[in-house]
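I am opening a notebook on a structure I have not looked at before. The entries below follow the order in which I looked things up.

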There are 2 protein chains.
Amino acid sequence: MDEAAGRLQQYLEARRETFIRELLEWLAIPSVSVLPEHRSDCNRAAEWIARRMRAAGMQAELVPSGLPGAHPLVLGRYDASPGRPTVLFYGHYDVQPPDPLAEWRTPPFHPSIVGQDVVARGASDNKGQIWALICAARAMIAVDGRLPVNLRVLVEGEEESGGRSVAWMVQRYPERLRANTVWMADGPLFSRQIPALYTGTRGMVYAEIAVRGARTDLHSGMYGGVAPNPLVALAHILSRLRPWIGQVDLPGFYDAVRAPSDEEAAQWKSLPFDEAAFQEEMGVSAMPGEPGFSALERVWARPTFEVHGIRGGFTGDGAKTVIPAIASAKVSMRLVPDQDPRQVAESLRSRVLALCPTGVSAEVSILQADPPVQLPIHHPMLRAGAEALEEAFGREPALARMGRTLPALVAISQGLGIPVVMTGFGLPDDRLHAPNEKFHLPNFQRGILATMAFLRRIGATGQ
Amino acid sequence: MDEAAGRLQQYLEARRETFIRELLEWLAIPSVSVLPEHRSDCNRAAEWIARRMRAAGMQAELVPSGLPGAHPLVLGRYDASPGRPTVLFYGHYDVQPPDPLAEWRTPPFHPSIVGQDVVARGASDNKGQIWALICAARAMIAVDGRLPVNLRVLVEGEEESGGRSVAWMVQRYPERLRANTVWMADGPLFSRQIPALYTGTRGMVYAEIAVRGARTDLHSGMYGGVAPNPLVALAHILSRLRPWIGQVDLPGFYDAVRAPSDEEAAQWKSLPFDEAAFQEEMGVSAMPGEPGFSALERVWARPTFEVHGIRGGFTGDGAKTVIPAIASAKVSMRLVPDQDPRQVAESLRSRVLALCPTGVSAEVSILQADPPVQLPIHHPMLRAGAEALEEAFGREPALARMGRTLPALVAISQGLGIPVVMTGFGLPDDRLHAPNEKFHLPNFQRGILATMAFLRRIGATGQ
């Protein structure tokens, strides 16, 4: 170990408790972006991280989003020297709502240390992880006197609420985010031991299918058997779109689907993934859907159609016999390269109209349409990321994909056109979006080390 | 006109305003049986009608139901002489909730006279109608000094809340309800001009079909495409049970269905019923369902399967991508003679289990199971009812059926084994269960006349 590395390690040892204590302070702020009553908490959480970034030696400011009702963006900046490469950190300060509250063993916004975990809403998603990035930069500035790269930091407040302020920022002020690469940690390792370098995310078209029948709600005693029932019509439409076993029944849906590269396919086959254990974890006896693919392939590289909720009629307790005038289904399709969300949305619309039975009318509203993202896995920046992860975690990272959709990633990767190194320091069982969310503190330390290793590597390419 | 009839008419003329003013007083009591906060209002409404019955010269008392949480029954009694026939009046003092409040043009519990209508929640269903029965008895007692029959009155407070206190009463104190016939008015005329003598009601099995998939709600980004989705499973099950065009797909469902008698069938064909106008009233362009039957036949004499609501997942605003662990559908089947609700429930249960796809499990809970009722249309009591209606309305009544299910009617007609003369004084557009419910005051007067005519006719059979 060289002298500089030794000093850094000493510094991290000495500050370990401080970093955690400060994280707990941040986690205590209930920055739930989707709930209007937490608007000022979101602002406080943004102010908190900006203050910490300034204390670490960066410039930092809150940028009000130009979109109505949006939460502010936190922008950070550290200029090492114009000749150096620039790295952009991305993360978010907002968190999911804590419901169902009754299932938390400790209060979601009174962060607790339980064993080696910190337990709180947002512990892993994403405050703990972006905090590791900030702490890494802070340590290097403190110990080395400077960073080996120019740094830009973007911490947004709408990741959990479908906000579009990152896209707005990319459009409006691209120069403030311009960088040679992006380093982001917002997800889990591939497994407890194996870190992940994410090579892509699925896109998504989220739609609402509304079916209208009679002019008003009707009593099934007086109209049952003759009135067209929009809930029944939806059952027919949805069951046609989504066979229980088989492919999604949308014309052209699979035409643009690109198979994973041989390299990715080989990697996935070699990953230790136990389908039986996966089923057991879900608590199910079968995985219906598209046959002919492994579970990993289906989650990472195959498009899907899911139903999320059906509104209309009566869903309270007891027996009310209404035939609703209108009913609607929330559905989404996850997309993979090279599916085009606009084409998929169009295909859904025309297919629903074609499937709509007599006596009712259907309408499709598109609520969200984001393309899939394929990251350039052979780009030197991604290779540097892989090496940094291996250095910190002691294992070569798995080339994994994410089944999720990250609109901010779309905006950054496609809007700015720069290679994104996407990883994560969480564990697969961190209970994101669920009660008792946690973050494993040893991974917090490894995340700091991985980030420092990445910045060093990128800095070295510019020397 | 004989002298007695003249005196009665004079009395009714003189009391017209009083009867209406008193009805408004009753309508002002928000006796919403389904809402616990209106419990004391239900009691007040029961006390009110008992007091009026006593003022009219009957005995009347509140009988606490033996069922938990139930509202009291009002029992009235007038003994003319032991040799006379006994008539039982049935009605209910409870009303539907007034929602949606914003759509009322006048407040639901500040009764208003608009033109020839009284507008208020409960005006037609059922306070206005049972009040016509009570006023008829009151007039005869006042003018003739006595009723031509012995009278029993049952005014319940749970018709709108699925309560079972009438069945409890029939079981527990059948002797207090024993009568030669029942006279009840809880529905509309067949049309504006033609009164109705109802010859039957449909039965109903109301069930909840619950489907379970994974142990917990899952994120469709991470599990979409592999996790079994209970909402999709429900769509498959429901679309199989209920073809859009065709018969309900339950084994044996139609086996016990009895065709209407030739007399009823001929009567229905002769009734002025315009299917195009009916569709237009609903605001639909087609009436999918079982082919080969007229709309009247389908609503009155054919069994149905309807879906009333689907619970599970996310139905709020925006785009949440949950795959619910559990989803459920509220469904009902309307039954006609001679279908057996227990057999239908059993058939539904086994069919749902058979249709339940791999990877999920299904469960069927029966919330309600009431048999259809066929009234004895040739019984002298029903013939007396038809004559009384013709006398009051100037038109022979249509032999109609009700598509609805009336548990109290099942309890009375089958539990006591006495012929029920079921009619109604409302208009088809009285907006029952909807905002701006109304009752046409000329029909209130005709209802009083019809009731007096009926009591006279029944009294004459016993002389």
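Which residue of chain B comes closest to the rotation axis? I looked this up and found B:A235, with its C-alpha at 2.1 Å from the axis. I note here that the model is a predicted one.

**Entry on the two copies.** I then checked the rotation itself. Chain B is superposed on chain A by a turn of 180° with a shift of 0.2 Å along the axis, and the RMSD is 0.1 Å. The two copies are thus related as by a two-fold rotation axis. I also compared the contact residues: 100% of those of chain B recur in chain A, so the same surface serves both copies.

**Entry on chain A as a whole.** I counted secondary structure next. Chain A has 13 helices and 18 strands. Its radius of gyration is 24 Å, and the globule rule gives 23 Å for 463 residues, so chain A is as compact as a globular protein of that length. Along the principal axes, the C-alpha atoms of chain A fill a box of roughly 85 × 50 × 45 Å. I looked up burial as well: 54% of the 463 residues of chain A count as buried. For contacts in chain A between residues at least 6 apart in sequence, I noted that 79% join residues at least 24 apart.

**Entry on domains.** How is chain A divided? I found domain 1, made of 3-201 + 372-461, and domain 2, made of 204-257 + 303-370. The C-alpha centres of these two domains of chain A are 37 Å apart. I looked for contacts between them and found eight residues of domain 1 of chain A in contact with eight residues of domain 2 of chain A.

**Entry on the core.** I went on to the largest nonpolar core, which has 94 residues. Which of them touch the most other members? They are A:L234 and B:L234. Leaving out residues up to four places away in sequence, I listed the contacts of A:L234 as A:I209, A:V211, A:I310, A:A327 and A:A329.

**Entry on a strand of chain B.** Last, I looked at strand β11 of chain B, residues 306-311. Is this strand mostly covered or mostly open? It is mostly covered, with six of its six residues buried. I then traced its pairing: five bridges join β11(B) to strand β13 of chain B, residues 326-335, and the two run antiparallel. For B:G309, I found the bridge partner B:K330 in β13(B).

Key. Residues are numbered from 1 along each chain as its sequence is written. Chains are lettered from A and ligands numbered from 1 in the order in which they are written. This is a predicted model: local features need pLDDT of at least 70, side-chain atom pairs count only at pLDDT 80 or more; totals for chains, interfaces and linings use all residues. A residue is buried if 20 or more other C-beta atoms lie within 10 Å of its own, exposed if 12 or fewer, and partly exposed in between; C-beta atoms are placed from the backbone. Helices (H or I, at least four residues) and strands (E, at least two) are DSSP runs, numbered from the N terminus. Two strands pair if DSSP finds at least two bridges between them. The radius of gyration is taken over C-alpha atoms; the globule rule is 2.2 Å times the number of residues to the power 0.38. Two residues are in contact if their C-beta atoms, placed from the backbone, lie within 7 Å. Copies are superposed by least squares on the C-alpha atoms of residues with pLDDT of at least 70 in both. A nonpolar core is a set of buried Ala, Val, Leu, Ile, Met, Phe, Trp, Tyr and Cys residues joined through C-beta atoms within 7 Å. Domain bounds come from an automatic or database domain assignment.
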